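Open the model in your viewer and keep the sequence panel visible. The stops below say what to select and what is there.

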Amino acid sequence: MSSMETTLNPLLAAQQQISKAVRALNLEQAVAAILAEPQRFVEVSFPVKMDDGSVKVFKGYRCQHNNALGPFKGGIRFHPDVNGDEVKALSIWMTLKCAVLNLPYGGGKGGVVCDPTELSRNELEQLSRRFIRKIYKIVGPENDIPAPDVNTNASIMGWMLDEYDSLKGSNSPGFITGKPLILGGSFGRTEATGRGVAVVTREAARQIELPLEGARVAVQGFGNVGSHLARILQQMGCRIVAVVDIYGGIRNPDGLDIPELINHVAKHGSVKDFPGTTPIGNEELFTTECEILIPAALENQIVDSNAKHIKARLIVEAANGPTSPAADEILEEKGILVAPDILANAGGVTVSYFEWVQNLQKFYWTEAEVNKRMERMMVQAFQNVYRMHQEKRVPMREAAYMAAVARVAEAMSLRGWL
Ligand code: NAD
């Protein structure tokens, strides 16, 4: 298999990483074979009546990877590049992420191939509802619980919940997480992934004796995750020196005012042209002088060509699968500590879990309770993985995979699957 293939196909990368963990743990090969494929993968297509009266057909997926530890759990992504292998890889990462955090969930993921920037609000709502009509029989609060991902948000979760409830004749807020507060959402959910990334950044920085006060941070992606983590890291004392999004990027070595930048993005739709900054491109972001680099956009952004030039001491993966396996080896050689995605960005699913618990109990927590419990679980998971990293002398990613695979394998074995 060429390194090109593994760079371009996140499914192959996920399968290879699992096999490596299975070997390192001395588990039977069947564990890797079971985890290489999803338990169920559904492809659907459905028509949407567009505002101009025409009909457009969209393709969507729901992947249910593994439910040994609990119901499938995972977001729904709207993006033109969504494809079967990507959804499968993302569902595998969800299985592992839930296991790393010790959540009673398995892994799932969904996606619809579409460009939401080209859809009106009405078309987006019709598309969201139609997708749920196609998959409602296989999802639900007891067996598969969706959530937001790239280009999906609380309003979309609200429409999806309403469609599910209409079809089932129920009121089941626990069917989906990341909902608006009034529909049973949880305090702290919107910013949870970013907050969790900030907690992991703090813990990892402590281990490499990097003081957060004044530490320079470069962030790729300034959406839900990127903007919140930048804001919280700035509150912790970091200096955010560079940010890029899909339209362009900005740099200021003295640090960016993140609340102002958030206002700028709300007005102009991009970080581009933020006053008092120098424009930069994606590749310059990776080579920016900084101590901490945080990819918070999409997969395969840190690849062998740019990994060589990275100057950061710490990389915290807010995005899913941002680092190719070839780049990983380069980072390891350079002695850069990488806090892997399945650990670093698990704050979102952790608070999704809290949201689901609150929905099932019909009893709601305060924001402070949510944040405190999430922080405690993230710190515990970090320490567990860091201990494995030191004891077994393996990179953090391998340690996280080992911790996760060991838990899923134990559950599969006790269920009699092995
Ligand atoms: P989002 O759609 O809100 O934001 C994505 C950001 O990335 C935007 O600023 C966009 O402009 C930027 N971007 C997209 N393509 C880019 C490119 N080629 N170059 C530079 N920037 C680019 O999405 P999000 O919810 O913030 O998710 C970001 C990442 O975090 C994804 O990998 C997602 O799977 C992961 N993640 C999200 C959550 C969550 O709770 N939202 C949880 C866990 C992991």
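What volume does the second largest pocket have? About 490 Å³, where a pocket is an open set of points on a 1 Å grid over the protein atoms alone where a 1.4 Å probe fits, with protein on both sides within 12 Å along at least five of seven lines. The volume is the space filled by probe spheres set on the points.

This is a predicted model, in which local features need pLDDT of at least 70, side-chain atom pairs count only at pLDDT 80 or more, and totals for chains, interfaces and linings use all residues. Residues are numbered from 1 along each chain as its sequence is written, and side-chain values use heavy atoms, with hydrogens and water left out.

Select Lys20, Asp328, Pro395, Arg397 and Glu398: of the 20 lining residues (an atom within 4 Å of a point), these are the closest to the pocket centre. Next, colour helices H2 (10-24), H12 (325-333) and H16 (396-414) and strand E12 (337-339), which each give two or more residues to the lining; helices (H or I, at least four residues) and strands (E, at least two) are DSSP runs numbered from the N terminus. H12 gives the largest share, 5 residues.

Stay on H2 and add H3 (residues 29-36): their axes, lines fitted to C-alpha atoms over the stretch in contact, come within 9 Å and cross at roughly 160°. H2 is therefore roughly antiparallel to H3 (angles over 145 degrees). For the contact (heavy atoms within 4.5 Å), show Leu11, Gln15, Ile18, Ser19 and Val22 of H2 with Gln29, Val31, Ala32, Leu35 and Ala36 of H3.

Conventions. Axes fitted to C-alpha atoms, helices over the stretch in contact; angles between N-to-C directions. Parallel < 35°, antiparallel > 145°, perpendicular 65-115°, else oblique.
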